[in-house]
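Have a look at the model below and keep it open while you read. We'll walk through it piece by piece.

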Amino acid sequence: VTVYVKVFANSPFLVCMDLVRSQEELIDPKYLWIGPDGKKLEGRRYVNLTERGKLMVMGFKESMSGAYTCTLSHKIIETSTQEEREMFEAYQFMVYAYREADHAYRVFVRFTTRECELAANGLFFEELKKILNNIISDLTCHIIESSCKCHSVKLPKEGLLHELFVAFQVNPFAPGWEEVCHQVPYDCEDATNMRVQEARDRIGEFFHKQTYALKRRFQTVPIIHYMDNSFSVIRIDSCRPGFGKNDITHKSCASCCVVCGPGTFSPNNEVTCQTCTRPRVKMYGARSC
């Protein structure tokens, strides 16, 4: 059985028997849980073991990932002879730590301009970035990887237009984000992702209002103005070092950033665990080989 546990959370209870066995009478049942390090789990501070053989791993960390094995022993007593036989059954759980992916948003928008050589194009772009950064600054988000290119566009049955193709990324890691993160216990992907989603929504609303302003407030259309319905956005996911996505190995948690397994590593915020050229790494969550 494969189980995914969010970093710093408690695992669900792992049950040391299958469904059929749980419906039957068990005589003198005993449970022996072995952790990924090959040692007994009983008595360890980070586990909750019940008398019925259920195991919960508390405050899960990437280093706790791996195979958890339970051996169930119980007796069978022959009715006629009262002879006792001891039975053993083993159950294995592969337990992996995961984190939510960090979200960022890539935004694309277009503006009409009088000509591509217009000096005001560059000034407009710089001013636009200042306005957008100001809109989202209180969320400790900012605009990065911005670009502005001018192209001549020929539309069907119309003349030649000059358009500014603007692209930028809404990023949740503006200076000061760590302090905001520390206000959240343990882990802060959820809070960070909520902030950057709010930033995305504010920027979308800003461009939506441009359409309203052009139609209702301006008697003369500005030389550079927003093109109606040109706003589009895509989400970009990244994983923390030591984690990656794999929709083949981890189909049931394909959108998760799952801890890198032994022999693989992730040194940065990409979404793939790389294979070590010399697989000496035997730990989970490696950031280097």
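**Salt bridges, strands and a patch**

The structure holds 14 salt bridges, a salt bridge being a side-chain nitrogen of Lys or Arg within 4 Å of a carboxyl oxygen of Asp or Glu. Before we go through some of them, note that this is a predicted model: local features need pLDDT of at least 70, side-chain atom pairs count only at pLDDT 80 or more, and totals for chains, interfaces and linings use all residues. Residues are numbered from 1 along each chain as its sequence is written, and side-chain values use heavy atoms, with hydrogens and water left out.

Let's start with Asp190 and Lys6, whose side chains meet in a salt bridge (2.8 Å, N to O). Asp190 sits in helix H4 (residues 189-216) and Lys6 in strand E1 (residues 2-6), so this pair ties together parts that are 184 residues apart in sequence. Helices (H or I, at least four residues) and strands (E, at least two) are DSSP runs, numbered from the N terminus. Asp190 is partly exposed, at 42% relative accessible area; on this scale buried means under 20%, exposed means over 50%, and partly exposed is in between (1.4 Å probe, protein chains only).

Next up is Lys75, which forms a salt bridge with Asp28, their closest N and O atoms being 3.4 Å apart. Here Lys75 belongs to strand E6 (residues 66-77) and Asp28 to strand E3 (residues 27-34), so the pair ties together parts that are 47 residues apart in sequence. Both ends are partly exposed, Lys75 with a relative accessible area of 27% and Asp28 with 43%. Asp28 has another quirk if you like backbone torsions: its phi is near 50 degrees, a positive value in a residue other than glycine.

A third pair is Glu163 and Arg110, with side chains that meet in a salt bridge (2.5 Å, N to O). Glu163 is in strand E10 and Arg110 in strand E8, so this one ties together parts that are 53 residues apart in sequence. Is Glu163 buried or exposed? Glu163 is buried, with a relative accessible area of 0%, while Arg110 is partly exposed at 28%. Going back to the earlier pair, salt bridges that share partners join Asp28, Lys75 and Glu84 into one network.

Now for the strand that Arg110 sits in. E8 (residues 102-113) has 10 of its 12 residues buried, so it is largely enclosed by the rest of the structure. How many bridges join E8 to E10? There are nine, and the two strands run antiparallel; two strands count as paired if DSSP finds at least two bridges between them. Within this pairing, Val109 stands opposite Val166 in E10. E8 also has seven bridges to strand E12 (residues 232-238), again antiparallel, and there His103 has Asp237 as its bridge partner. Two more bridges join E8 to strand E11 (residues 225-226), antiparallel as well, with Thr112 partnered by His225.

Over in E10 (residues 160-171) you'll find Gln169, which counts as buried at 10% relative accessibility. Leaving aside neighbours within four places in sequence, Gln169 is in contact (heavy atoms within 4.5 Å) with residues including Ala104, Tyr105, Arg106, His142 and Ile236.

Ile236 turns up again at the surface: together with Phe108 and Ile234, it makes a nonpolar patch of about 230 Å². Patches are made of residues with over 30% relative accessible area and no salt bridge, with like charges joined within 9 Å and nonpolar side chains (Val, Leu, Ile, Met, Phe, Trp, Tyr) within 5 Å. Ile234 is in strand E12 and is partly exposed, at 46% relative accessible area. In the loop between E11 and E12 you meet Asn229, which is exposed at 68% and has a positive phi, near 65 degrees, in a residue other than glycine.

There is also an open sheet of three strands in the order E2-E5-E4, with antiparallel pairing. Its edge strands are E2 (14-15) and E4 (47-49), each pairing on one side only. E4 and strand E5 (residues 54-57) pair over three bridges, and Leu49 stands opposite Leu55 in E5.

Finally, zoom out to the whole chain, which is divided into domain 1 (2-99), domain 2 (102-218) and domain 3 (239-288), with bounds from an automatic or database domain assignment. The C-alpha centres of domain 2 and domain 3 lie 32 Å apart.

Definitions and conventions. Areas by Shrake-Rupley, 256 points an atom, 1.4 Å probe, with all protein chains shown as cover.
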